[in-house]
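Subject: Handing over a structure

Hi there,

Here is the structure I promised to pass on. My notes on it follow below, so have a look at the model first and then read on.

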Amino acid sequence: MNQHIPFETEIIRFLKRHHYTSVIPKAALIDMDGTLYDSMKNHTAAWHRLISELGIPCTRDEFYLYEGRTGVSTINLLFNRHFGHDVDPEEAKRLYKRKTEYFAELPRVEPMPGAREMTSILRDSGIKRVLVTGSGQSSVISRLDTDYPGIFEQDLRITSRNVTHGKPHPEPFIKAMQLAGVSPSQCIVVENAPLGVESGNRAGAFTIGVTTGPMAASVLEEAGAAVVFPSMPAFAEALPSLLLSLLTVSIQQS
């Protein structure tokens, strides 16, 4: 009788979809907001305040769906929906600055429960860690070295300042792969948002979804997640067996 391998079905489905024979994880490309930090409730509040002040109808929850976009991209999306055109580039920068000020007025965000355990397992497994965030929120990015000491090297970080196209475009994760010196079949992506999941999947990485916000697991699955976990602590607990299974499972393409 064959011994059961955790996540074997999900891994084989991913390998067939991307025409890989195996995934040998050498790098983990990790989102920040809603993944490393429990910050999305503050981001959605700041965005909702800004956009409502502009007279554009919106709901707070819809900003969970835009997570991963650059700030200017989010502003242009909403301007096009309501006014039918992009905002002036200088005005977009000014508006995004106001959004960051609103964010800074809110209570301090804390690391996501389970995220320290997750990143420590990756470090101890010898897997490179690369930050991949659509944010340019320096108030959070500047805390990484304190909250996650020794996890993210300065030259292994992709933010909104480093890309032309934000998530769901694959560029952020492709650039992260280039920084880490790995191929798509040597990566896992850790994301909590559908746009980020879509970006990681389009880049060819084994993309893991973690439901840390109000969206159902099915939303992340439909975006392309190879496997979805109900929380970061649940993911951290399962991570050692998932990494072992990735090293174990392979298929031969016909």
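Which residues in α4 meet which residues in α5? Before the answer, please keep in mind that this is a predicted model. On the α4 side, the contact is made by Gly 71, Val 72, Ile 75 and Phe 79, and they meet Ala 92, Leu 95 and Tyr 96 in α5. By class, that contact has six nonpolar residues, one polar and no charged ones. Helix α4 covers residues 71–83 and helix α5 residues 89–105; they pack at an angle of about 110 degrees, with axes 9 Å apart. Angles of 65 to 115 degrees count as roughly perpendicular, and α4 and α5 are therefore roughly perpendicular to each other.

Next, the strands. Strand β2 (residues 128–132) pairs with strand β1 (residues 27–30) in the parallel sense, over four bridges. Within that pairing, Ala 28 has Arg 129 of β2 as its bridge partner. Strand β3 (residues 157–158) also pairs with β2 in the parallel sense, here over two bridges, and Leu 131 has Arg 157 of β3 as its bridge partner. As for solvent, β2 is mostly covered, with four of its five residues buried.

Now for the interior. In soluble globular proteins, nonpolar side chains tend to be buried together. The largest nonpolar core here has 60 residues, and those touching the most other members are Leu 36, Met 118, Leu 122, Phe 206, Ile 208 and Phe 235. Helix α12 (residues 232–248) gives the largest share of this core, eight residues. If you want one residue to click on, try Ile 208: leaving aside residues up to four places away in sequence, Ile 208 touches Ile 188, Val 189, Val 190, Glu 191, Val 227, Phe 229, Phe 235 and Leu 242. There is also a second, separate core of 16 residues, with Ala 27, Phe 173, Met 177 and Ala 180 among them.

One last residue: is His 165 buried or partly exposed? His 165 counts as partly exposed because its relative accessibility is 40%. His 165 sits in the loop between β3 and α9 (171–180), and touches Glu 171 and Pro 172, again not counting residues up to four places away in sequence. Its C-alpha atom is separated by 14 Å from that of Leu 77, a residue 88 places apart from His 165 along the chain.

Happy browsing, and best wishes!

Notes: Residues are numbered from 1 along each chain as its sequence is written. This is a predicted model: local features need pLDDT of at least 70, side-chain atom pairs count only at pLDDT 80 or more; totals for chains, interfaces and linings use all residues. Side-chain values use heavy atoms; hydrogens and water are left out. Axes are lines fitted to C-alpha atoms, for helices over the stretch in contact, and angles run from 0 to 180 degrees between N-to-C directions. Angles under 35 degrees count as roughly parallel, over 145 as roughly antiparallel, 65 to 115 as roughly perpendicular and the rest as oblique. Contact means heavy atoms within 4.5 Å. Ala, Val, Leu, Ile, Met, Phe, Trp, Tyr, Cys and Pro count as nonpolar, Asp, Glu, Lys and Arg as charged, and the others, Gly among them, as polar. Buried means under 20% relative accessible area, exposed over 50%, partly exposed in between (1.4 Å probe, protein chains only). Two strands pair if DSSP finds at least two bridges between them. A nonpolar core is a set of buried Ala, Val, Leu, Ile, Met, Phe, Trp, Tyr and Cys residues joined through side-chain atoms within 4.5 Å.
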